[in-house]
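Student: I am new to this structure. Can you show it to me and then take my questions?

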Number of protein chains: 2
Amino acid sequence: MWRGSRGEAVVRIGELAARTDVSVRSLRYYEEQGLLTSSRSASGQRHYTEAEVERVRFIQRLYTAGLSSRTISELLPCVDAPSEGNSDAALDRMAQERDRLSEYIDELVRTRDALDGLMATARAHRESLRTPTGTRPRR
Amino acid sequence: MWRGSRGEAVVRIGELAARTDVSVRSLRYYEEQGLLTSSRSASGQRHYTEAEVERVRFIQRLYTAGLSSRTISELLPCVDAPSEGNSDAALDRMAQERDRLSEYIDELVRTRDALDGLMATARAHRESLRTPTGTRPRR
DNA sequence: CTAAAACCTGACATGGATGTCAGAGGCAAG
DNA sequence: CTTGCCTCTGACATCCATGTCAGGTTTTAG
């Protein structure tokens with residue numbers, strides 16, 4: 001483990017990648033999109049802090065929830081500087097995304113139910129095959 | 001409304017698209033991927049039946065749930081011909097996808113919770129601004 | 001000191017569902 | 001017949017997060 005000039009733990013990009021299960025390539029991309037910041041060493045290498053680990057995980061969550069880089073970048077100010085003036089619009093945006101996500105979840109649950117129904121039907125059919133009721137099972 | 005040679009309602013691709021909210025382009029793509037079948041008129045136009053409407057909606061559900069064309073095509077036999085021998089493997093596949101979907105839902109719910117938490121925090125901050133506790137609110 | 005491993009930038013590739021365009025034929029209404 | 005809309009095929013375009021490769025510098029370990 002490394003220490004920076006004032007003793008803070010320094011995390012390099014490879015370690016951050018390993019700890020978040022996000023590729024190095026993607027971390028650079030996040031920075032390019034303004035979702036992530038890094039300080040640079042004299043030679044130009046990215047240095048992160050412990051806080052970035054959680055941030056990256058959160059970003060990943062949002063990607064998984066179907067948000068785009070653009071949208072995420074609109075929400076993050078709200079995370080970084082709660083209650084600043086600019087976060088007022090971000091708060092609306094976040095509420096909007098939350099609702100979209102909620103509808104999405106509902107639809108997924110319905111889909112899961114549909115799958116469950118299909119599987120139950122299929123299993124029932126298989127059952128009726130194994131226990132033929134008098135007549136020979138069809139095909 | 002059209003009638004086919006034996007009186008079944010005939011649905012053309014444009015109408016199917018309108019009724020399922022799926023583009024004509026996508027319907028042709030589904031067919032290309034083996035997810036959808038159509039009979040053809042003498043001149044080559046696609047004719048669908050009422051049943052296809054539901055099928056397309058179901059396919060859309062699965063896409064929304066993150067399944068790929070390939071995966072969907074592996075599940076559909078199970079829908080079309082329940083209890084056939086080939087659906088045995090398809091049933092496993094479906095169970096597997098169901099579980100994946102379930103985990104996905106769980107993660108989305110966690111993400112939604114996280115957003116709720118953030119919004120609550122942000123609102124609390126805003127509250128504390130409107131009701132300053134002694135000191136002048138910053139900015 | 002040296003070799004291996006990690007990092008840098010920049011560029012091009014990928015996959016998958018969908019959009020879009022072009023050119024041609026089909027079909028109902030006036 | 002003509003006009004307008006629908007459909008056909010085939011091809012190319014797009015988006016966007018990631019992968020991958022190249023060529024070069026830095027850091028680490030022996």
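Tutor: What follows is a round of questions on how the terms are earned; note that the model is predicted.

Student: How do you know that the two copies are related as by a two-fold rotation axis?

Tutor: Two copies of a chain are related by a rotation about an axis and a shift along it. Here chain A can be laid on chain B by a turn of 180°. The shift along the axis is 0.0 Å, and the RMSD is 0.1 Å. The copies are therefore related as by a two-fold rotation axis.

Student: Which residue of chain A comes closest to the rotation axis?

Tutor: A:Ile105, with its C-alpha at 3.2 Å.

Student: What makes you say that the same surface serves both copies?

Tutor: Look at the contact residues of chain A: 100% of them recur in chain B. The contact takes 32 residues from chain A and 32 residues from chain B.

Student: Which helices of chain A each supply at least two residues to that side?

Tutor: Helix 3 (50-64), helix 4 (69-80) and helix 5 (87-130) of chain A. The largest share comes from helix 5 of chain A, with 24 residues.

Student: How do the residues on the side of chain A that touches chain B divide by class?

Tutor: There are 19 nonpolar, 7 polar and 6 charged residues.

Student: Now two helices of chain B. Why is helix 1 of chain B called oblique to helix 3 of chain B?

Tutor: Helix 1 (residues 13-20) and helix 3 (residues 50-64) of chain B pack at an angle of about 50°. Roughly parallel needs an angle under 35 degrees, and roughly perpendicular runs from 65 to 115. The angle of about 50° fits neither class, so helix 1 of chain B is oblique to helix 3 of chain B. Their axes lie 10 Å apart, and the crossing is right-handed.

Student: Which residues make that contact?

Tutor: Helix 1 of chain B gives B:Leu16, B:Arg19 and B:Thr20. Helix 3 of chain B gives B:Glu52, B:Val53, B:Val56, B:Arg57 and B:Gln60. By class, this contact has 3 nonpolar, 2 polar and 3 charged residues.

Student: What makes a residue count as near DNA strand C?

Tutor: Its C-beta atom, placed from the backbone, must lie within 6 Å of the strand. There are 18 residues around DNA strand C. Those that come nearest are A:Arg12, A:Gly14, A:Arg46, B:Ser23 and B:Ser43.

Student: Which elements give two or more residues to this surface?

Tutor: Helix 1 (13-20) and helix 2 (24-32) of chain A, together with helix 2 (24-32) of chain B. By class, the surface near DNA strand C has 4 nonpolar, 9 polar and 5 charged residues.

Conventions: Residues are numbered from 1 along each chain as its sequence is written. Chains are lettered from A and ligands numbered from 1 in the order in which they are written. This is a predicted model: local features need pLDDT of at least 70, side-chain atom pairs count only at pLDDT 80 or more; totals for chains, interfaces and linings use all residues. Two residues are in contact if their C-beta atoms, placed from the backbone, lie within 7 Å. Helices (H or I, at least four residues) and strands (E, at least two) are DSSP runs, numbered from the N terminus. Ala, Val, Leu, Ile, Met, Phe, Trp, Tyr, Cys and Pro count as nonpolar, Asp, Glu, Lys and Arg as charged, and the others, Gly among them, as polar. Axes are lines fitted to C-alpha atoms, for helices over the stretch in contact, and angles run from 0 to 180 degrees between N-to-C directions. Angles under 35 degrees count as roughly parallel, over 145 as roughly antiparallel, 65 to 115 as roughly perpendicular and the rest as oblique. A crossing is left-handed if the near helix is turned anticlockwise from the far one by less than a right angle, and right-handed if clockwise. Copies are superposed by least squares on the C-alpha atoms of residues with pLDDT of at least 70 in both.
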